[in-house]
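Hello,

Here is the structure I promised to pass along. Please have a look when you get a moment, and my notes follow underneath.

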Amino acid sequence: MGNSASGIDLSAQASSVSQLPVLISEKEKAGAKVEVPSWARSVPEIAEFLPEQGRAVRFASGVVEQDVDAVVFCTGYHYSFPFLRGLEPSVVVPDGGYAAHLWEHVLYTADPTLAFASVPQRIVPFPVSQAQAAYVARVWSGRLRPPPRPEMEAWVRDLVREKGPSKAVHNLAVPRDVDYINRLRELSLGAGRKDGLENDGVGKIPPFWGPEELWVRERMPLIKLASRALGDGRLHCKSLKELGFDYEASKGGG
């Protein structure tokens, strides 16, 4: 159930050992064209489990599927920090839809000595975490001063007003994730230099995503489909160009 990153990866791996087709259950989107691998079948969301009918499920369309071996939920998550219940103001909103009071999705506005990595969604986690860590390390080492609390709280209020109090608050789908990485880089490189650090006192240089990285990021769903279509042949591909994605050629209209 679910067809985002986790659902896609798990269903692809399961397909190599399971009886086929793998049923990929997700909410139907009006007008949306869904690419379905040859080993899968797309079905609507599950409306009801029917264990008394032999491990059966009824989908929203009314169709009943018998002999279902397993159901794996890949339907997202709620934010929960039970080990931080004493925080005031609370980081978590009642429905768990987003983490509250986080400036730039990373620093706790009431106390910037507390930071949260990888809270944003629809991102490439490692470069985002690296960019966050670069900024936080400079703040915690005293080389960079975060904005005053009222300014950080105002930033959070504006974000929630723009996105609505929902999981959309932390949605940084491309190109917003690219802008975020580069914005944190710019903030980090504004820190004071310190003798003994690499790069002439600047420290480790945070990631930067330019036009080529953005071009690749925008095409990741197509790149994944092209890779899967090759089957085991994908193991011999050593570049995106071999998969049919050539950034240099694209700049010339090719």
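Below is what turned up, starting with the whole chain and then moving to one helix and one surface patch.

Please keep in mind that this is a predicted model. The chain contains 7 helices and 7 strands. Reading from the N terminus, the order is α-β-β-β-β-β-β-β-α-α-α-α-α-α. The C-alpha trace spans about 65 × 50 × 30 Å along its principal axes. There are 254 residues, and 34% of them count as buried. About 15,600 Å² is exposed, with carbon and sulfur atoms supplying 54% of that area. Among contacts with a separation of 6 or more, 49% are between residues 24 or more positions apart.

Now to helix α2, which covers residues 125-140. Its 16 residues should span 22 Å at 1.5 Å a residue, and the end C-alpha atoms are indeed 22 Å apart, so the two values agree. Buried residues in α2 include Pro 127, Val 128, Ala 131, Tyr 135 and Val 139. What do the buried residues of α2 pack against? Their partners are β6, β7 (107-108) and α4 (176-188). After α2 comes Gly 142, which has a positive phi near 85°.

On the surface, Phe 49, Val 71 and Phe 73 make up a nonpolar patch, and together they have about 290 Å² of accessible area. Val 71 sits in the loop between β5 (64-65) and β6 (102-103). Its relative accessibility is 30%, so Val 71 counts as partly exposed.

Best wishes

Terms used:
Residues numbered from 1 in each chain as written. Predicted model: local features only at pLDDT ≥ 70, side-chain atom pairs only at ≥ 80, totals over all residues. Heavy atoms only, no water. Patch = residues over 30% accessible without salt bridge, like charges linked within 9 Å, V, L, I, M, F, W, Y side chains within 5 Å. Areas by Shrake-Rupley, 256 points an atom, 1.4 Å probe, with all protein chains shown as cover. Salt bridge = Lys/Arg side-chain N within 4 Å of Asp/Glu carboxyl O. Helix = DSSP H or I, 4+ residues; strand = E, 2+ residues; numbered from the N terminus. Buried < 20%, exposed > 50% of the residue type's maximum accessible area, 1.4 Å probe, protein only. Expected span 1.5 Å × (residues − 1). Contact = heavy atoms within 4.5 Å.
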